[in-house]
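Please look over the model below with its sequence. The report that follows takes up the ligand site, the cores and one helix.

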Amino acid sequence: MSSYLPRALLFALLTALVAFPLGYFGKPWMGWALFYIGLSVQLAYHYRNFSRLERWSRQPMLDASLEGDGEWDSVFRRLYSHEKELLAKIEQRERDIARLIAAVHVMNDGVVLLDGFFQIQFCNKTAERQLGLDSHTDRGLPISNIVRQPEFIDYIDRRDFTRPLILRLERYFERVLSLYVIAYAEDSWLLQVKDVTQTDKLDRMRRDFVANVSHELRTPLTVLAGFLETLQEIDFDPDERQRYLSLMAEQSKRMQSIVQDLLTLSSIESAPPPENDLVDMGSLLDKLRRDAEALSDGRHQIVLESQGEGDLRGCEPELVSAFANLVANAVRYTPAGGTVTLSWKVAPEGAEFAVRDTGIGIDPKHIPRLTERFYRVDRGRSRDAGGTGLGLAIVKHSLSRHQATLEITSKLGEGSCFAARFPASRVAIGGG
Ligand code: ADP
């Protein structure tokens, strides 16, 4: 403005200085004509620049070619640089918001923004998956129209969010979600959804485990206590007394086996990763065969098959206990006259230790649950055979610590095969 005013005045003064003498000394109309021409030039000059500004103002961000004449040019430049600064700030803010939204989308927790009427304003991808929402089509809809569980609707209606809501969604593969509703601004709510399926499962497993252990130990304890009471109250003859004592010894042996297996399981669970000791498979297989023969006591045919040269790398006691469990099961669940085959195969892609039997077999519906703690197909048969229901849980745990898998195939009444497959990284060829 400061430089513009003197120049505009100067121009008006010059026009007046020329027009006045011309009108005074020459013809008045000439003076007036010159004066109007001067004014028109001024007007045209300003109009031209004003139109540029007007054109530019319609789309100020996109038009970079804002150039003016004279004083207008410096005004345009300032205006344009302000616009550029503003545009850069807006772009930066947009990038920040996009980054923030991208981060919210990859969060492990679901996030849903709700307005005062609990209508969906935004939801991240995790919430879409967890609650079956669609961030585009469900926008503006009340959340309780989409999540229809009565307990959820009730939770939202009560408006008491001091405690999270635990929601079990059976249609989504038994997902368990923990929902928190938090007020974050006026009439704005944030629904945070945590998937607690795993923790819930672990919690349930822990509760089941404690209940199972108590049950497993209570049974022999009750029997033992009963026998003790009987022995105290009744004066049996020595033979009868001996019979009771051996039954009591059997029950206490049973408790010992359960406690021993529990200790083995817990020591495997808390132990550091297994070492890389070289386990000589030749002598281990021989030992397993001898154990099987001792356990079978001549009632079965025990066969040993070996294919390829190679040993295992790992923790010897753990591997011995896993293999011995499989062998003992095969002998215990195979009636007399059957065959138990131990096989060891080494191939470039890995090695396999398998125990095949011609025993009672297992109904396929039980196979996926066999490695669960205390799971038995036939509780009575397992107990009679001296089982604790923990053997295969120990096997599976020891194997997975060696990156090995357990594959169970079986046909009811025909026999079973338990194969432990080790990756090549666990196999030592030629003793190396
Ligand atoms: P247990 O101590 O009862 O044998 P395990 O965990 O070793 O417990 O095995 C779980 C169940 O799997 C057993 O109770 C039995 O029903 C079944 N099972 C295991 N091995 C065999 C087998 N070779 N043949 C048939 N059933 C088997």
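## Ligand site

In this predicted model, an N or O atom in the side chain of Asn329 is 2.8 Å from an oxygen atom of the ligand. Tyr333 also places a polar side-chain atom 2.8 Å from a ligand oxygen. Asp357 approaches a nitrogen atom of the ligand, with a polar side-chain atom 2.9 Å away.

The ligand is surrounded by 20 residues. The closest are Asn329, Ser382, Thr388, Gly389 and Leu392.

## Gly386

Gly386 sits in the loop between helix H11 (379–384) and H12. Its relative accessibility is 47%, so Gly386 counts as partly exposed. Lys253 is 133 residues away from Gly386 along the chain, yet their C-alpha atoms are separated by 9.3 Å.

## Nonpolar cores

The largest nonpolar core has 36 residues. Met281, Leu312, Phe323, Trp344, Phe353, Val355 and Phe422 touch the most other members. Six elements each give two or more residues to this core: helices H9 (281–296), H10 (316–332) and H12 (391–401), and strands E9 (339–347), E10 (350–357) and E12 (415–423). H10 gives the most, with eight residues. In soluble globular proteins, nonpolar side chains tend to be buried together.

What does Phe422 contact, leaving aside its neighbours within four places in sequence? The list is Leu312, Leu319, Phe323, Glu349, Gly350, Ala351, Leu399, His402 and Ala404. A second core, separate from the largest, has 23 residues. Ala127, Phe152, Leu191 and Val193 are among them.

## Helix H9

H9 has 16 residues. From first C-alpha to last it reaches 22 Å, close to the 22 Å expected at 1.5 Å a residue. At its start, a side-chain oxygen of Asp280 comes within 3.0 Å of the backbone nitrogen of Gly282. After H9 comes Asp297, with a positive phi near 55°.

Which residues of H9 are buried? They are Met281, Leu284, Leu285, Leu288, Ala292 and Ser296. These residues cover an arc of only 100° around the axis, so they lie on the same side of H9. The cover over the buried residues of H9 includes strands E6 (277–279), E7 (301–307) and E8 (311–314), along with H10, E9 and E10. Met281 links the two topics: it is buried in H9, and it is one of the residues that touch the most other members of the largest core.

Conventions:
Residues are numbered from 1 along each chain as its sequence is written. This is a predicted model: local features need pLDDT of at least 70, side-chain atom pairs count only at pLDDT 80 or more; totals for chains, interfaces and linings use all residues. Side-chain values use heavy atoms; hydrogens and water are left out. A nonpolar core is a set of buried Ala, Val, Leu, Ile, Met, Phe, Trp, Tyr and Cys residues joined through side-chain atoms within 4.5 Å. Buried means under 20% relative accessible area, exposed over 50%, partly exposed in between (1.4 Å probe, protein chains only). Helices (H or I, at least four residues) and strands (E, at least two) are DSSP runs, numbered from the N terminus. Contact means heavy atoms within 4.5 Å. The expected span of a helix is 1.5 Å times one less than its number of residues. The arc is that of the directions from the helix axis to the C-beta atoms. A polar contact is a pair of N or O atoms within 3.5 Å; within protein, one must be able to donate a hydrogen and the other to accept it, and residues adjacent in sequence count only if both atoms are side-chain atoms. A residue is near a molecule or strand if one of its heavy atoms lies within 4 Å of it.
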